[in-house]
Amino acid sequence: MTKQPATPTVRTRMWRDGKLHAQDFPLDRVSDQLQHPGCLVWADVVGDDNGTLDRIANELGLDPHAVEDAVSAHERPKLDRYDGYLFLNTHAVSFDRLTGALDTIKISAFITETALITVHRRPVLDMLGLIDQWDSAPEILQYGVPGLLHGLLDAVVDSHFDAVQALDDEIEGLEDLLFDDRMHGKQIQMRTFALRKSLVRLRRVVLPMREVINTMMRRDYHVLNPALMPYYQDVYDHVLRASEWTESLRDMVATVFETNLSLQDARLNNVMKKLTSWAAIIAVPTAVTGFYGQNVPYPGVGREWGFWISSVIIVAVAVALYAGFRKRGWL
């Protein structure tokens, strides 16, 4: 039985002059709402129903290539320019401290002069908090769609920052385990590989954001009002910090991995020294008793003092070896 796609969840809002004027209206009325002077429309589509995106594309005259990129699950972060609008791909992330896994959720956005259409397959970020932020900041909404977009990008970059911070904490925890006297070799290896995999995924979505934000701030794109430039510059600074942080974490993970291998070799050498030392000590009574067990006459054969001499030799040599190995730190 073929699984049918779930009905997408659609959330819509319309502001006029920085104040909320309408919300939760059908997608078919988006173009009608855009006819009002001074309006600002946001529509958020959660789901993977292509039919809903086709309706939006017909409603706003969107390019089929952009719609195809919006439904694709493997598009990298980017900002493309089409006739009359921009298309944005970005990724919000969440990090699971228990498993060390990183979850990435693609968010696509169609950016017109008066409307922001966001599309994602699963619920992402704190949309209610983002809506409250928009509603409580009419001074940002007066700049139109770029004001809405700033709130979205700020929330996305904050999710990157939170994931980088969590990864940093986990890697520091691995460093503490490295020098623990208890054996954590396999545990450290598994955790290191999990964090390394998550870090690679994080870098793939964080590093391209520098180009995305930088392109949006270019004057020849005429996207931003000069008054919004400080807001986007702040987001860009956070992107740079997250990017530099991921680079340093990559070096830290590599250092942890190499240090763990070196410590394992050192522990193995220490174990081998101990085993070799005990083998040498055990070899002493074996050698002495083996010598006295020959079927030939030897000093003290058949005499009580011969037994005591052999015993003293065994104890004396074994104690001497033990003391020597202890002095060298082998035991």
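Start with the crossing of α4 and α6, which is right-handed in this predicted model. Select helix α6, residues 145-178, together with helix α4, residues 127-135. The two helices pack at an angle of about 140°, and their axes are 10 Å apart.

Now show side chains at this contact. From α4, pick Leu130, Gln133 and Trp134; their partners in α6 are Gly147, Leu148, Gly151 and Leu152. By residue class, the contact of α4 with α6 holds four nonpolar and three polar residues, with no charged ones.

Keep α4 selected and add the strands β1 (residues 9-16), β3 (39-46) and β7 (115-120). Helix α4 lies across these three strands, and its direction makes about 5° with that of β1.

Next, hide the helices and display the whole sheet. It is open and has seven strands, in the order β2-β1-β3-β7-β6-β5-β4, with mixed pairing. At the edges are β2 (19-23) and β4 (78-82), each of which pairs on one side only. Averaged over the sheet, neighbouring strands are turned by 20° against each other, direction ignored.

Zoom in on the β2 end. Which sense of pairing joins β1 and β2, parallel or antiparallel? The two strands pair in the antiparallel sense, over four bridges. Select Arg13 and Gln23 here: Arg13 stands opposite Gln23, a residue of β2.

Return to β1 and bring back helix α4, which runs at about 5° to this strand. Then move to helix α8, residues 208-216, which also packs on the sheet. Helix α8 touches β4 and β5 (85-95), and its direction makes about 35° with that of β4.

Stay on α8 and colour its residues by burial. Which residues of α8 are buried? They are Pro208, Met209, Val212, Ile213, Thr215 and Met216. These buried residues lie on the same side of α8 because they cover an arc of only 160° around the axis.

Finally, zoom out to the full protein chain. There are ten helices and seven strands to step through. Colour all 331 residues by burial: 42% of them count as buried. If the viewer can draw a contact map, take the contacts in the protein chain with a separation of 6 or more; residues 24 or more positions apart account for 65% of these.

Key: Residues numbered from 1 in each chain as written. Predicted model: local features only at pLDDT ≥ 70, side-chain atom pairs only at ≥ 80, totals over all residues. Heavy atoms only, no water. Pairing = 2+ DSSP bridges. Axes fitted to C-alpha atoms, helices over the stretch in contact; angles between N-to-C directions. Contact = heavy atoms within 4.5 Å. Left-handed = near helix turned anticlockwise from the far one by under 90°. Nonpolar A, V, L, I, M, F, W, Y, C, P; charged D, E, K, R; others polar. Buried < 20%, exposed > 50% of the residue type's maximum accessible area, 1.4 Å probe, protein only. Arc of directions from axis to C-beta.
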